Amino acid sequence: MTDVADADVKATLLKLAADAEPPAKLRGTKAARGPRDDGTRPRADVLADRDKMLALTLQESAVARAAQKKRFGFIPTSVLKLSRGILSNQMFNYQREQPSKKSSNQGTAKEKQERLKAMGVNSNASQKISGRGSDGLSMMPAELVDFFCNYYTQPGDVYGDMFMGQGIRMQVANKRKLHYYGYDLSEPFFIYNDAVRKKIDPTEDNLHIYHGDSRFPTEIADDSLDFCFTSPPYWDIEYYSDDPRQAGAPGTTYDEFLRNMYEIMAAWHPKFRDDATIVLNINDFRKNGLFYAYHADLVPVMRRAGYYLTDVWIIEGLVGGMPKAFATSFNDQRIVPKVHEYALVFRKRAVAMPTSFDDE
Ligand SMILES: C[S@@+](CC[C@H](N)C(=O)[O-])C[C@H]1O[C@@H](n2cnc3c(N)ncnc32)[C@H](O)[C@@H]1O
């Protein structure tokens with residue numbers, strides 16, 4: 001892709017250079033330099049200036065591309081391919097290190113199978129789903145967090161996370177020298193994250209985490225957060241705890257769940273600075289034969305809570321698709337194995353906008 005882009009740039013340049021060739025009547029003549037008596041400039045001068053500008057623009061573009069490659073290892077585009085690698089392996093990992101806690105945090109094996117089925121996943125194939133841990137809980141790769149921190153933050157920025165989960169984002173934030181404020185309701189996650197926090201930030205300079213309901217982020221100062229990259233809950237598809245304050249606690253409807261999301265995002269709105277960037281990593285899902293375009297449903301929820309959408313990234317390669325053997329059954333059901341998820345990018349707006357989901 002880079003080569004094609006380079007070739008395109010070269011072709012455009014050659015054409016521009018050809019266009020910039022002085023007309024035949026000017027060639028071989030000594031074109032006067034500098035403005036004429038009437039204040040106009042000879043065409044040769046104008047063309048020479050345009051060439052210089054072009055060369056400069058190209059130089060700038062080459063420098064910018066080189067800088068992007070140096071910073072990210074590649075030139076980022078809206079379709080992002082990232083895989084779990086060394087950085088993920090270096091992280092403390094709840095699901096790897098707390099196998100005995102599985103059942104307490106996950107419910108029964110049957111419930112787990114039901115949840116996977118709900119996501120359109122045959123439980124036999126569950127181990128092959130690369131975006132999930134061995135329990136079917138979504139596991140965020142450190143590489144993904146690192147990329148978005150690198151793209152949208154500077155060291156010293158303040159990162160807010162309303163769904164801290166298993167703590168990968170806290171760990172990457174620390175590595176990136178960001179100040180991190182995280183909330184989560186799940187007690188097992190919190191106990192684990194607090195132990196990790198003590199190891200990686202013993203002086204408590206950077207990492208501040210709270211076991212509580214994100215509807216009430218009382219520990220976070222207004223206008224203090226520059227950035228958020230988080231993984232919101234998945235209604236009742238994923239089980240985090242029995243706490244009825246969980247967004248999408250068992251028994252809630254999808255609409256109630258979206259309202260929970262609204263309450264949380266609205267409560268965090270004053271915590272962000274005006275130019276903050278808020279990124280939500282979202283996977284759509286299926287339940288009882290219905291497809292939920294969760295990424296699309298969250299946009300009006302966010303708008304009502306006071307954020308506007310500025311970009312959409314497609315993330316490829318982290319959710320698993322299906323082994324070949326299941327392709328026929330997908331075709332029979334007239335659905336397609338999913339291999340992408342989203343990162344929705346929002347900014348904060350001064351006034352919340354009503355949306356159709358609950359216009360009053
Ligand atoms: C999708 S999980 C995040 C897990 C993440 N994918 C990871 O790898 O760590 C969503 C998290 O939101 C938390 N959560 C749900 N409702 C909440 C609430 N009202 N307040 C705080 N945390 C909440 C859950 O406990 C869960 O840890």
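This passage describes a helix, its neighbouring strands and three individual residues in a predicted model.

A good place to begin is helix H8, which spans residues 168–175. Six of its eight residues are buried, so the helix is largely enclosed by the rest of the structure. The buried positions form a run along the chain: Ile-168, Arg-169, Met-170, Gln-171, Val-172 and Ala-173. Several elements contribute to the cover over these residues, including helix H7 (142–152) and strand E2 (158–161). Strands E3, E4 and E5 also take part, as does helix H9.

Two of the covering strands are partners as well. Strand E3 (residues 179–184) pairs with strand E4 (residues 207–211) in the parallel sense, and five bridges link them. On the way from E3 to E4 the chain passes through helix H9, made up of residues 187–200, and the resulting β-α-β crossover is right-handed. Within this pair of strands, Tyr-183 stands opposite Tyr-210 of E4.

The backbone holds a point of interest just after H8, where Lys-177 adopts a positive phi of about 60°. Lys-177 takes this value although it is not a glycine. The residue belongs to the loop that joins H8 to E3. Because 13 other C-beta atoms lie within 10 Å, Lys-177 is classed as partly exposed; the buried class calls for 20 or more.

A second case of this kind is Trp-235, another residue other than glycine with a positive phi, here near 50°. Trp-235 sits in the loop between E5 and helix H10 (254–268). With 23 other C-beta atoms within 10 Å, Trp-235 is buried, whereas Lys-177 is partly exposed.

Strand E5, which covers residues 225–230, includes Asp-226. This aspartate has 19 C-beta neighbours inside 10 Å and therefore counts as partly exposed, given that a buried residue needs 20 or more. Leaving aside residues up to four places away in sequence, Asp-226 touches Thr-153, Asp-157, Val-158, Arg-273 and Ala-276. Among these contacts is a second aspartate, Asp-157. The two aspartates are separated by 69 residues in sequence, yet their C-alpha atoms are 6.0 Å apart in space. Another of the contacts, Val-158, brings the description back to E2 (158–161), one of the elements that cover the buried residues of H8.

Methods
Residues are numbered from 1 along each chain as its sequence is written. This is a predicted model: local features need pLDDT of at least 70, side-chain atom pairs count only at pLDDT 80 or more; totals for chains, interfaces and linings use all residues. Helices (H or I, at least four residues) and strands (E, at least two) are DSSP runs, numbered from the N terminus. A residue is buried if 20 or more other C-beta atoms lie within 10 Å of its own, exposed if 12 or fewer, and partly exposed in between; C-beta atoms are placed from the backbone. Two residues are in contact if their C-beta atoms, placed from the backbone, lie within 7 Å. Two strands pair if DSSP finds at least two bridges between them. A crossover is right-handed if, with the strands pointing away from the viewer, the path from the first strand over the helix to the second runs clockwise.
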